[in-house]
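Here is a friendly walk through one structure, taken a step at a time. Keep the view open as you read, and turn it whenever a new part comes up.

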Amino acid sequence: MSSFGRSPLVYYPKTVNELLSLYKSMPESMLYAGGTGILNSRTSKYPDFPGNIIFLRRIEELSAIRRSEGYLEIGACARLNRILGIGEHVLKPALY
């Protein structure tokens, strides 16, 4: 339950443009991807959510991993198992 007395509304944008539009209209919203930070920082048994949550997992651009000759671009929402799946020969030892 949120601190506002009702269950939060969850929004699922599919593009970065949709995300920006939602966040501009509701800047008090929580941006939510995996939840690790929320669950680790809670002070009670249940986390306290705001009235609106914008779920980032469905935004393909944020989960993408692209490789070119000189660069490896890893999206902010790329899962660790996917990053490790790229392989030790592609990732620098510090990342792997």
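Helices and strands are DSSP runs, numbered from the N terminus: a helix is a run of H or I with at least four residues, and a strand is a run of E with at least two. With those names in hand, Ser-29 can be placed in the loop between α1 and β2. Please keep in mind that this is a predicted model.

Let us begin with the sheet. Three strands make up an open sheet in the order β1-β3-β2, and their pairing is parallel. β1 and β2 (30-32) are the edge strands, each pairing on one side only. From one strand to the next, the twist averages 30 degrees. Helix α1 packs on this sheet and touches β1, β2 and β3, while its direction makes about 165 degrees with that of β3.

Now look at how the strands are joined. β1 and β3 run parallel and pair over three bridges; within this pairing, Leu-9 has Asn-52 in β3 as its bridge partner. β2 is also joined to β3 by three bridges, again in the parallel sense. Here Met-30 has Ile-53 of β3 as its bridge partner.

Strand β3 deserves a slower look. In a regular strand, side chains alternate between the two faces of the sheet. Which residues of β3 point one way, and which the other? Asn-52 and Ile-54 point one way, Ile-53 and Phe-55 point the other way, and all of them are buried.

Take Asn-52, which belongs to strand β3 (residues 52-55). Is Asn-52 buried or exposed? Buried means under 20% relative accessible area, and Asn-52 has 10%, so Asn-52 counts as buried. Its side chain makes a polar contact with the side chain of Glu-28, at 3.3 Å. Leaving out residues up to four places away in sequence, Asn-52 touches Arg-6, Leu-9, Tyr-11, Met-26, Glu-28, Ser-29 and Met-30.

Ser-29 appears in that list, which brings us back to the loop between α1 and β2. With a relative accessibility of 6%, Ser-29 counts as buried. A polar atom of the Ser-29 side chain lies 2.8 Å from the backbone oxygen of Met-26. Setting aside neighbours within four places in sequence, Ser-29 is in contact with Tyr-23, Asn-52 and Ile-54.

Next come the aromatic rings. How many aromatic pairs does the structure hold? There are two. One of them joins Tyr-12 and Phe-55 in an edge-to-face arrangement, with 5.5 Å from centre to centre and 70 degrees between the planes. Tyr-12 sits in the loop between β1 (9-11) and α1 (16-25), whereas Phe-55 is in strand β3, so this pair ties together parts that are 43 residues apart in sequence. Ring pairs link Tyr-12, Tyr-32 and Phe-55 into a cluster.

Are Tyr-12 and Phe-55 buried or partly exposed? Tyr-12 has a relative accessibility of 40% and counts as partly exposed. Phe-55, at 19%, counts as buried, because the cut-off for buried is under 20%. Tyr-12 has a further neighbour to find: Arg-58 lies over the face of its ring, at 4.3 Å from the ring centre.

Moving along the chain, we reach Glu-61 in helix α3 (residues 60-63). Its relative accessibility is 42%, so Glu-61 counts as partly exposed. What does Glu-61 touch, not counting residues up to four places away in sequence? Its contacts are Thr-15 and Val-16. The side chain of Glu-61 reaches the backbone nitrogen of Val-16 at 3.2 Å.

Glu-61 also offers a way to compare sequence with space. Glu-61 and Ala-78 are 17 residues apart in sequence, and their C-alpha atoms are 9.5 Å apart. Glu-61 and Gly-35 are 26 residues apart in sequence, with 19 Å from C-alpha to C-alpha. Gly-35 itself is found in the loop between β2 and α2 (36-41). With a relative accessible area of 8%, Gly-35 is buried.

How values were computed
Residues are numbered from 1 along each chain as its sequence is written. This is a predicted model: local features need pLDDT of at least 70, side-chain atom pairs count only at pLDDT 80 or more; totals for chains, interfaces and linings use all residues. Side-chain values use heavy atoms; hydrogens and water are left out. Buried means under 20% relative accessible area, exposed over 50%, partly exposed in between (1.4 Å probe, protein chains only). A polar contact is a pair of N or O atoms within 3.5 Å; within protein, one must be able to donate a hydrogen and the other to accept it, and residues adjacent in sequence count only if both atoms are side-chain atoms. Contact means heavy atoms within 4.5 Å. Rings of Phe, Tyr and Trp (its six-membered ring) pair if their centres lie within 6.5 Å; planes under 30 degrees apart count as stacked, over 60 as edge-to-face and the rest as tilted. A charge sits over a ring if NZ of Lys or CZ of Arg is within 6 Å of the ring centre and within 35 degrees of the ring normal. Two strands pair if DSSP finds at least two bridges between them. Axes are lines fitted to C-alpha atoms, for helices over the stretch in contact, and angles run from 0 to 180 degrees between N-to-C directions.
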